[in-house]
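Reader: I am new to reading models like this one. Please take me through the charged pairs closely, then place them in the rest of the picture.

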Amino acid sequence: MKNFKEEELIMYVYKDCTPALTKAIEKAISEDAELKKQVETLQRSKDQLDKLKLKSPSKKSIKAILDYARKKDN
């Protein structure tokens, strides 16, 4: 059985791998409980990240960064 890199498993979770790789991972998951747990953990992590509500920086922060950048250019 092939050992999959974590990057390949992440691509699988994000549905961003080739059909052949998808098929190989799905076959391996059905035969390997540890691999199945690893993919489930990655899926839960993805789900939690998807639920995060990211905040934009404040206008004050943006202004301070832009002012600093302008001073650096002079």
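**A close look at the charged pairs**

Author: Start with Lys37 and Glu34, whose side chains meet in a salt bridge, 3.8 Å from N to O. Keep in mind that this is a predicted model. Both residues belong to helix α3. They sit three residues apart, or about one turn of the helix. Now ask how open each partner is. Glu34 has 54% relative accessibility and counts as exposed, because the cut-off for exposed is over 50%. Lys37 has 48%, so Lys37 counts as partly exposed.

Stay in α3 for the next pair. Lys46 forms a salt bridge with Asp50. Their closest N and O atoms are 2.9 Å apart. The spacing is four residues, again about one turn of the helix. Here the lysine is covered. Lys46 has 17% relative accessibility, which means that it counts as buried, the limit being under 20%.

Now move to helix α4, residues 59–73. The side chains of Lys63 and Asp67 meet there in a salt bridge, 2.7 Å from N to O. Lys63 and Asp67 are separated by about one helical turn because they are four residues apart in α4. Asp67 is at 26% relative accessibility, so it counts as partly exposed. This pair has company. Lys63, Asp67 and Arg70 are linked in a network of salt bridges. In the whole structure, a search finds five salt bridges.

A charged residue elsewhere is also covered. Glu8 is part of helix α1, residues 6–13. Its relative accessible area is 16%, so Glu8 is buried. What does Glu8 touch, leaving aside its neighbours within four places in sequence? Its contacts are Lys2, Asn3, Leu21 and Ile25.

Two of those contacts, Leu21 and Ile25, lead into the largest nonpolar core. This core has 12 residues in all, including Phe4, Leu9, Tyr12, Val39 and Leu42. Helices α1, α2 (19–31) and α3 each give two or more residues to the core. The largest share, four residues, comes from α2. In soluble globular proteins, nonpolar side chains tend to be buried together. Look at Ile25 once more. Beyond its neighbours within four places in sequence, Ile25 is in contact with Phe4, Glu8, Leu9 and Tyr12. Three of its partners, Phe4, Leu9 and Tyr12, are themselves members of the core.

Some nonpolar residues lie on the outside. Ile10, Tyr14, Leu49, Leu52 and Leu54 form a nonpolar patch on the surface. Together they have about 550 Å² of accessible area. Leu52, one of this patch, lies in the loop between α3 (33–51) and α4.

Another loop deserves a glance. Lys15 is found between α1 and α2. Its phi is positive, at about 55°, although Lys15 is not a glycine. At 74% relative accessibility, Lys15 counts as exposed. Set that beside Lys46, which counts as buried at 17%.

How confident is the predictor? The mean pLDDT of the protein is 93. Of its residues, 96% reach 70 or more. Confidence is highest in α1, at a mean of 97. It is lowest in α4, at 90. So keep both ends of the picture in view: the buried Glu8 lies in α1, while Lys63 and Asp67 lie in α4.

Technical notes. Residues are numbered from 1 along each chain as its sequence is written. This is a predicted model: local features need pLDDT of at least 70, side-chain atom pairs count only at pLDDT 80 or more; totals for chains, interfaces and linings use all residues. Side-chain values use heavy atoms; hydrogens and water are left out. Buried means under 20% relative accessible area, exposed over 50%, partly exposed in between (1.4 Å probe, protein chains only). Contact means heavy atoms within 4.5 Å. Patches are made of residues with over 30% relative accessible area and no salt bridge: like charges are joined within 9 Å, nonpolar side chains (Val, Leu, Ile, Met, Phe, Trp, Tyr) within 5 Å. Accessible areas come from the Shrake-Rupley method with a 1.4 Å probe; for residues, only the protein chains shown count as cover. A salt bridge is a side-chain nitrogen of Lys or Arg within 4 Å of a carboxyl oxygen of Asp or Glu. A nonpolar core is a set of buried Ala, Val, Leu, Ile, Met, Phe, Trp, Tyr and Cys residues joined through side-chain atoms within 4.5 Å. pLDDT is the predictor's confidence in each residue, from 0 to 100.
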